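This report introduces a protein structure to a reader who has not met it before. It proceeds from the chain as a whole to selected helices and residues.

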Amino acid sequence: PKIYSEMTTQKVLTMEWVDGTRLTDSNTLKAIGLDNEKLIDTLVQCSLRQILENGFFHADPHAGNLLACADGRLCYLDFGMMSYAAPEQRNGFLLAVVHIVNRDWGELVRVYQRLGFIPEGTDVTPIEVALEKALPDVLNADITELNFKNVVGKLGDIMYTYPFSLPPFYIAIIRCLGVLEGVAIQVDPKARIISEAYPYVANRVLTDPQDELQEALRRLAFTSDGRIRWDRLESLLEEARDSSGYDVTQALDQLTNYLISDDGEQLLNDFADQIVETADSLGAESAGYIMDAFRSLSENDETAAVKMSRIIGILSQRLGSDAKNDDFEQELREGLDGALPEPTPTMQKFLRIATLLGARGSNTDPSKFVPLVRKLGQEPRLQQTAGEIVAKLGERLLSRTLRSFFRLPPPVFDGRSGRQTFDGAVGETK
């Protein structure tokens, strides 16, 4: 509510009168056309942003302190219990959620130590074991296990057993989230604050450039040797798109930063291998098309590269949907001049992720990708990889053409080694 400063003193806070409905008054909310579930989502997202973005938050958001306005806005009342979390404390809380999702108990304990929860020098091995036994697998658990009260109760047992010291900000956050879930359950018995909050957490991890959160993204989406966890990355992207304010271009920027970094070399090689294998399986004509597309990228041809991203969007939309659509399939045939064979499982996952990143064919404004294409086109490592893709596809295309001309069996290639098998012998493609 608006504060009337001229009528406010050190002892009296004067605010505007607000007409509204309690979130638990389902009949009235329905009568004025308000969606209970949407209001709860607004409440959770608003409180999360107070806690994890601004740091200054309402610590007692129970049903009596909340009103739904007729225009759909949410009104907080009674600011007698407020709390503050410093930036490093907010990031620490986010990282703790990420490590619980990732079931990385060693890193979770280290976050607790950095926040001052656990004294330095404490033997943390028993704590890690206790956490693993007590906390559910958030990504795969039944919804009944994700009750915030139950999770906090299990954490509380561990914190009472071992030498934890909890600061006021953490207690205030736990109280706030617990009260939020209580309100949410009154409105929707199936509501769970952990499930409601995860889209926001995924959004922050995917788009926030802070080093700590980018490290969290690497731990969630990639293995220690730099390989991609496809299912985990796909889950992050699916969750993040349900968070208000999510900007897919920021997620693309962060992911490509990793792709062209030293740590992303293995991932870049894996992408190149999968592209070569799939393009080779398309046949000579389609493989030639993809060679041209990657040659444009290696030569920094931004317009052609953007067109390629649109074609990838068409493919990803087809692969990511169970629905049949004659117009769509006609667009696919016209775009690639032929039907596609089944891509490899890894490429199917890559294309689904391309869909989640916004490459949805004609539904996407290509201009939003131009800065990204420019950035990638000017990256020497990517130009080199694109050149290698063109060279390998050219070698395979020439080999297939010659063997077809001489009526020999088609070659069988052996992955990254660049070797092909024919007539019982193994030879180099060079």
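Of the contacts in the protein chain with a separation of 6 or more, what percentage is accounted for by residues 24 or more positions apart? Such residues account for 66% of these contacts. The model discussed here is a predicted one.

## The chain as a whole

The protein chain has 430 residues, of which 47% count as buried. It contains 18 helices and seven strands. Its accessible surface amounts to about 22200 Å², and carbon and sulfur atoms hold 52% of that area.

## Helices α4 and α5

Two packed helices are described by the angle between their axes and the distance between the axes. For helix α4 (residues 105-114) and helix α5 (residues 125-134), the axes come within 9 Å of one another and cross at roughly 115°. The crossing of α4 and α5 is right-handed. On the side of α4, the residues that meet α5 are W105, G106, L108 and V109, while α5 contributes I127, E128, L131 and E132. By character, the residues of this contact divide into five nonpolar, one polar and two charged.

The loop between α4 and α5 holds T122. Leaving aside neighbours within four places in sequence, T122 is in contact with Q113 and P163. The C-alpha atoms of T122 and P163 are 8.1 Å apart, although the two residues are separated by 41 residues in sequence.

One residue of α4 named above, L108, also touches H99, a residue of helix α3 (residues 87-102). Is H99 buried or exposed? H99 counts as buried because its relative accessibility is 3%, which is under the cut-off of 20%. Beyond its neighbours within four places in sequence, H99 is in contact with D104, E107, L108, V111 and R219.

## One face of helix α17

In helix α17 (residues 370-377), the buried residues are L372, V373, L376 and G377. Seen down the axis of α17, these buried residues fall within an arc of 130°, and they therefore line one face of the helix. An α-helix has 3.6 residues a turn, so residues three or four places apart point the same way.

## Two loops that meet

N65 is found in the loop between β1 (56-58) and β2 (66-68). With a relative accessible area of 5%, N65 is buried. Which residues does N65 contact, leaving aside its neighbours within four places in sequence? They are R22, H58, D60, C75, Y76, L77 and D78.

The last of these partners, D78, lies in the loop between β3 (74-76) and β4 (82-84). Phi of D78 is near 60°, which is a positive value in a residue other than glycine. D78 counts as partly exposed because its relative accessibility is 47%, a value between the cut-offs of 20% and 50%.

## Residues apart in sequence

Several residues in helices have C-alpha partners elsewhere along the chain. R49 lies in helix α2 (residues 36-54) and counts as buried at 19% relative accessibility. Not counting neighbours within four places in sequence, R49 is in contact with N54, Y200, N203, S243 and S244.

Helix α11 (residues 248-259) includes T249, and Q250 is found in α11 as well. T249 counts as partly exposed at 28% relative accessibility, and Q250 counts as partly exposed at 37%. Q250 touches L206 and T207, not counting residues up to four places away in sequence.

The table below gives the C-alpha separations for R49, T249 and Q250.

| Residue pair | Separation along the chain | C-alpha separation |
|---|---|---|
| R49 and Y200 | 151 residues | 8.6 Å |
| T249 and P371 | 122 residues | 9.7 Å |
| Q250 and P209 | 41 residues | 8.9 Å |

Two of these pairs touch on elements and contacts already described. Y200 is among the residues in contact with R49, and P371 falls within the residue range 370-377 of helix α17.

Key:
Residues numbered from 1 in each chain as written. Predicted model: local features only at pLDDT ≥ 70, side-chain atom pairs only at ≥ 80, totals over all residues. Heavy atoms only, no water. Axes fitted to C-alpha atoms, helices over the stretch in contact; angles between N-to-C directions. Helix = DSSP H or I, 4+ residues; strand = E, 2+ residues; numbered from the N terminus. Left-handed = near helix turned anticlockwise from the far one by under 90°. Contact = heavy atoms within 4.5 Å. Nonpolar A, V, L, I, M, F, W, Y, C, P; charged D, E, K, R; others polar. Buried < 20%, exposed > 50% of the residue type's maximum accessible area, 1.4 Å probe, protein only. Areas by Shrake-Rupley, 256 points an atom, 1.4 Å probe, with all protein chains shown as cover. Arc of directions from axis to C-beta.
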